[in-house]
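Me: I'm new to this one, so could you take me through a single part of it slowly? I'd like a close look at the sheet where the two chains meet.

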2 protein chains.
Amino acid sequence: MILTVTLNTALDITYRVPALRPHISHRVSEVTERPGGKGLNVARVLAALGHEVTVTGFTGGATGRIVQDQLTATPGLVDALVPVSAPTRRTIAVVDEQTGDTTQLNEPGPTITPAEWSAFQESYEDLLASASAVALCGSLPPGVPVGAYAGLVRTARAAGVPVLLDTSGEALRRGVAARPDIVKPNTDELAELTGSHEPLRGAQDTRRRGARAVVVSLGPQGLLALTPEGRWRAVPPSPEHGNPTGAGDSAVAGLLSGLRDQLPWPDCLTRAVALSAATVRSPTAGDFDRAAYEKLLAQVSVTAA
Amino acid sequence: MILTVTLNTALDITYRVPALRPHISHRVSEVTERPGGKGLNVARVLAALGHEVTVTGFTGGATGRIVQDQLTATPGLVDALVPVSAPTRRTIAVVDEQTGDTTQLNEPGPTITPAEWSAFQESYEDLLASASAVALCGSLPPGVPVGAYAGLVRTARAAGVPVLLDTSGEALRRGVAARPDIVKPNTDELAELTGSHEPLRGAQDTRRRGARAVVVSLGPQGLLALTPEGRWRAVPPSPEHGNPTGAGDSAVAGLLSGLRDQLPWPDCLTRAVALSAATVRSPTAGDFDRAAYEKLLAQVSVTAA
């Protein structure tokens, strides 16, 4: 199976309102809820592609129970979240129906105790024994040490499991130094890590810092990959217009899916770009349009960079 | 005991953010949660005054469980909420720490099935047998007929239990026609009901429509009461500055508390105005400042109107 780690899981709530105006009262016209946090989004896409996926991370309180109930209902997905005493955070996306814009309110996340963090690390090591690849995704909740991902990368490498890291800031900086197989920063995260706003230069620097391969997300312009086997640019047929929410998580799912199937890099990148573009095209945030994905697989261009 | 009815219970969530700006992402700096809906607020104030209170209405899903867990932890308060299959709604108050202003997002509430509505009515009739007074508070969730409060007023009158109604719009219009002992509109609700923006005229019209007594909330200017025993204006010593959230619910609690203790009208009104002002003065929305309340009891002026 493929393992995804989401240390800061969330219950993602979307509210639609006719128009958002600060300092007045709004009647919400539509409420939707679903499991959130980057690793859970990646897992949902992998499960939809037909892979066996196990999700781990933390779950707590009434919000955690809602997240787990929905995960359990997803075919192909196994819930291995570790229980904690503080409740799983909520994120609220308020969609303004007049403009289509979204205002985001993100709770900070539960504080993880040292005992809970130890319990997670033990469970993670057990899960690695049957994993063909692992993705470490998203922010760290309060209480988890900033070097957490570095430790989880080392454990995966010791177990011989290919590991992808998708995070930002200091957690990314430390994680990269632990030599993950793939990191997938966007251009902002890359600039924060390396100081360079030039993707090629930033990616080279990131490899020098320890990442075996670097896949930079260039938004609507696709991906740039620097790997031990070569350098590539993977570009969709045309920039997609739509909701970019979850496009980065879909790209991670595409890379993992290709890795799992032992495809060469250009084919991995094609899957990643096609899934990402098919996610932007889908009317539901974070889902991908399957017909569009299958068409896009033949339309993505991969060239040496 | 005193019975309060909250058909549209809520989990009230408050988010503090440094500054709310539409269409960007915000990190919430503080999250607080508590049971909400007018009747639950009234009950919490009554319990704090030392009365035995039973709350009824509906509860459902994970949000309903959080509401019930918190209610059960309140001394003096008995939970008689009726379970329903759809989840209890959330309300989100986003407090802008820069301006102090609040932006409110209210979910519509669960749809109540005809069987659930029947189950509630049976339970309500049973609870009335041991009630000394009942308050019917707030909006109606989807699925509950608009004449609901009219029916509940009639059932209370048939059981010989004094009944106070605090709602708005068509539910208020129909409820008033069923001859409740007290209605407590604010000036907007009164104007919507009667077409008059003049509180005295509006209150007279409301009595003609069926209410035995009408207590109009004039905001910082106190209360105007028209009753079979006389007319009064009850005014706090000075207009309070602070957070008016829950001030109206505290006024209802003051009226019920006086009714329960069989106080004459001027004393009931004094309690209501003192509690309302002490709620505005409290730093926590919806709680009242007990020391301020006890001082204010001697400072509220009640005069014939």
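Reply:

**The sheet shared by the two chains**

Let's start inside chain B: strand β2 (residues 10-17) of chain B runs antiparallel to β4(B), and seven bridges join the two. Along that pairing, D12(B) sits opposite R34(B) in β4(B). Keep in mind that this is a predicted model.

Now zoom out a little. These two strands belong to an open sheet of five, ordered β3(A)-β9(B)-β8(B)-β2(B)-β4(B), with mixed pairing. The edges are β3 of chain A and β4 (30-36) of chain B, each of which pairs on one side only. From one strand to the next, the twist averages 20°. There's a helix to look for as well: α2 (residues 61-72) of chain B packs on the sheet and touches β2, β4 and β8 (89-96) of chain B. The direction of α2(B) makes about 80° with that of β4(B).

Strands can pair across the chains the other way round, too: β9(A) pairs with strand β3 (residues 25-27) of chain B in the parallel sense, over three bridges. There, Q104(A) stands opposite S25(B) in β3(B).

And the contact as a whole? Chain A and chain B put in 23 residues each. On the side of chain A that touches chain B, the elements giving two or more residues are β3 (25-27), α2 (61-72), β8 (89-96) and β9 (102-106) of chain A. β9(A) gives the most, with five residues. By type, that side of chain A splits into 12 nonpolar, seven polar and four charged residues.

Conventions
Residues are numbered from 1 along each chain as its sequence is written. Chains are lettered from A and ligands numbered from 1 in the order in which they are written. This is a predicted model: local features need pLDDT of at least 70, side-chain atom pairs count only at pLDDT 80 or more; totals for chains, interfaces and linings use all residues. Two residues are in contact if their C-beta atoms, placed from the backbone, lie within 7 Å. Helices (H or I, at least four residues) and strands (E, at least two) are DSSP runs, numbered from the N terminus. Ala, Val, Leu, Ile, Met, Phe, Trp, Tyr, Cys and Pro count as nonpolar, Asp, Glu, Lys and Arg as charged, and the others, Gly among them, as polar. Two strands pair if DSSP finds at least two bridges between them. Axes are lines fitted to C-alpha atoms, for helices over the stretch in contact, and angles run from 0 to 180 degrees between N-to-C directions.
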